[in-house]
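Subject: Structure handover

Dear colleague,

Please find the structure below, for your files. My notes on the ligand sites come after it.

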Amino acid sequence: MIQISLVTNDIIDRSSDAYVFFCRHDFDFARLSATAGHLYAPYEQAVKERGFTGKAGSSLILNGVYKGKAVYLVFLGLGDMPHKKPGGSIEVYRRALGRLIRLAEGHKFSSFTFDLPDPAVLNLSYRHLAEETSTFLHKASYHFDQFITNKERTYHWSMNAVIGAPKNYEAEVQEGLNRGLCFADALTLARTWCDMPPSHLPPATLAKEAVAKAKEYGLTTTILDKKQIDKLGMGGIEGVCRGSVNEPCMVIIEYKAAKKDAPTIALVGKGVTFDTGGLCIKPAASMLTMKDDMAGAAVVLATMNVIAQLKPDVNVVALAPLVENMPSGSAIKPGDVLKTYNGKTIEVIDTDAEGRLILADALAYAADVYKPVAMIDLATLTGAIGVALGVYYAGLFSQHDELAERVIDSSIRTGDQVWRLPLDDDYIPAIISDIADVKNIGDRKYLGSSITAALFLKEFTGETPWVHLDIASVAFGVPDLSYLRSGATGFGIRLLTDLVMQWKPFKG
Ligand code: BES
Ligand code: MN
Ligand code: ZN
């Protein structure tokens with residue numbers, strides 16, 4: 001647990017286990033000397049001897065003394081500012097915060113303190129910098145260790161982060177820190193859902209937990225149960241869950257803006273609480289991570305809690321179809337045909353392409369019932385997206401350039417990175433079925449299975465401006481980022497919130 005407090009006094013008047021300095025490449029020692037030199041007189045020589053120059057990704061820890069007590073001096077490199085890549089400067093800072101938390105854990109600090117770096121250097125306001133700071137200190141401190149009984153392996157000590165800012169920015173920084181905490185809480189919630197063992201979180205349990213949390217924030221909640229799903233003709237959701245002992249459901253969470261006649265944005269998330277592949281069963285190694293196949297649902301549901309607190313001027317509705325994809329005597333078979341909410345029929349070629357079957361109903365329902373001005377779906381949809389883009393970019397597909405651009409802008413601001421791929425009609429023949437309207441995987445000869453998956457979804461969006469984010473390779477198991485660990489990432493919460501908060505009517 002990390003506790004953040006804001007102070008405005010001089011860093012040298014604070015008593016702490018560790019004193020942290022953010023340093024640009026080839027930084028000026030004179031600016032640190034009053035503090036660092038006070039803790040450890042020959043610090044400049046030590047820093048030079050150890051070869052610390054402030055390069056991005058670097059860190060150095062020295063020992064010092066504060067009022068007779070042993071303390072640490074922590075130097076974190078920020079590299080050359082501004083960073084060349086759009087959004088790169090703040091990302092370097094986020095990673096420095098991640099390294100700080102790893103050092104704090106390794107050395108068991110009970111407290112550390114630093115002054116916020118100059119936000120102008122990062123081209124941000126104090127409010128925004130404070131928000132990022134509290135989000136990423138918390139995000140880096142996340143550990144999914146509730147099933148580890150050996151307390152020596154868990155991280156449940158409390159750590160005080162004492163953050164300094166100039167007196168005249170105190171209110172602004174405090175507001176940013178508070179906002180950052182909203183994101184941190186939502187990230188922890190979504191990541192915990194993803195990391196939870198699959199038998200602990202079947203559809204009904206996830207639905208119940210999501211609704212309970214949403215109610216705490218005053219949001220409107222609905223759970224469509226199996227009966228209602230059948231009655232509404234959601235044959236995709238019903239079909240995928242047919243082989244499971246657990247019933248499907250759809251969670252709907254609504255935020256209503258104070259403004260009258262505000263437009264509505266719909267967020268749809270794939271919620272397969274476990275994906276065995278169904279009768280087209282996955283090999284064991286590919287199945288292992290399939291408890292995370294509800295990451296899209298977790299993210300859209302958790303995002304609503306942030307939205308409830310930040311209160312944008314638009315209505316937002318999150319829809320999460322929740323199912324478990326299991327093989328059994330009652331499971332759907334390759335060759336079966338399902339009829340979806342919008343009346344279209346789907347030939348199931350491969351029961352492992354189940355995400356698009358449940359999203360078909362959810363997208364069509366969202367478009368029909370909520371008439372949104374924009375609809376974004378997040379889905380761990382295809383393994384192929386990881387082949388194309390690797391672990392640091394989600395795939396973006398859209399039929400609406402202006403919406404796509406906005407999502408890309410939000411992505412650059414928040415570090416939830418996306419890359420646009422083609423949603424080209426030339427691939428449509430790949431998903432035309434001989435016996436139904438569409439089939440749930442594309443013909444092999446067209447390749448591009450992430451593209452044909454996206455085109456399949458497009459069949460169910462009507463005229464609604466829509467963006468599909470394939471998050472299969474970014475939702476969990478992303479390596480080498482200091483503020484993450486193994487397991488879920490919470491990708492998309494900050495991106496979606498940013499998009500919603502900035503909403504304005506389309507130009508075109
Ligand atoms: N949930 C998987 C996609 C996935 C793969 C997510 C790896 C995260 C990591 C999805 O339901 C699936 O099985 N997709 C198949 C589609 C194929 C049958 C067309 C895939 O990607 O192999
Ligand atoms: Mn699958
Ligand atoms: Zn899946």
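The notes cover the two metal sites and then the ligand beside them.

This is a predicted model, in which local features need pLDDT of at least 70 and side-chain atom pairs count only at pLDDT 80 or more, while totals for chains, interfaces and linings use all residues. Residues are numbered from 1 along each chain as its sequence is written, chains are lettered from A and ligands numbered from 1 in the order in which they are written, and side-chain values use heavy atoms, with hydrogens and water left out.

Zinc site. Lys270 (NZ), Asp275 (OD), Asp293 (OD) and Glu354 (OE) coordinate the zinc ion (ligand 3) at 2.0 to 2.4 Å. Donors here are N, O and S atoms within 2.8 Å of the metal (3.2 Å for Na, K and Ca); water is not among the atoms, so sites may look incomplete. The zinc ion has 6 donor atoms with angles of 78 to 174° among them, and its site is octahedral (six donors, opposite ones over 155 degrees apart and all others between 65 and 115). Along the chain the spacing of these donors is K-x4-D-x17-D-x60-E.

Manganese site. The manganese ion (ligand 2) has as protein donors Asp275 (OD), Asp352 (O), Asp352 (OD) and Glu354 (OE), at 2.1 to 2.2 Å. Its 6 donor atoms make angles of 71 to 166°, and the site is irregular, the term for anything that fits none of the defined geometries. The two metals lie 3.1 Å apart, bridged by Asp275. Asp275 is in strand S10 and Glu354 in the loop between strand S13 (345–347) and helix H11 (355–370), so this pair ties together parts 79 residues apart in sequence. Helices (H or I, at least four residues) and strands (E, at least two) are DSSP runs, numbered from the N terminus. Both Asp275 and Glu354 are buried (under 20% relative accessible area, 1.4 Å probe, protein chains only).

Ligand 1. There are 16 residues around ligand 1, the closest being Lys282, Asp293, Asp352, Glu354 and Gly383; a residue counts if one of its heavy atoms lies within 4 Å. By class, 5 of the shell residues are nonpolar, 3 polar and 8 charged. The side chain of Asp293, a zinc donor, has an N or O atom 2.8 Å from a nitrogen atom of ligand 1. A backbone N or O atom of Thr380 is 3.4 Å from a nitrogen atom of ligand 1.

Regards

Note on methods. Four donors count as tetrahedral if all angles lie between 85 and 135 degrees; four count as square planar and six as octahedral if opposite donors are over 155 degrees apart and all others between 65 and 115; anything else is irregular. A polar contact is a pair of N or O atoms within 3.5 Å; within protein, one must be able to donate a hydrogen and the other to accept it, and residues adjacent in sequence count only if both atoms are side-chain atoms. Ala, Val, Leu, Ile, Met, Phe, Trp, Tyr, Cys and Pro count as nonpolar, Asp, Glu, Lys and Arg as charged, and the others, Gly among them, as polar. Buried means under 20% relative accessible area, exposed over 50%, partly exposed in between (1.4 Å probe, protein chains only).
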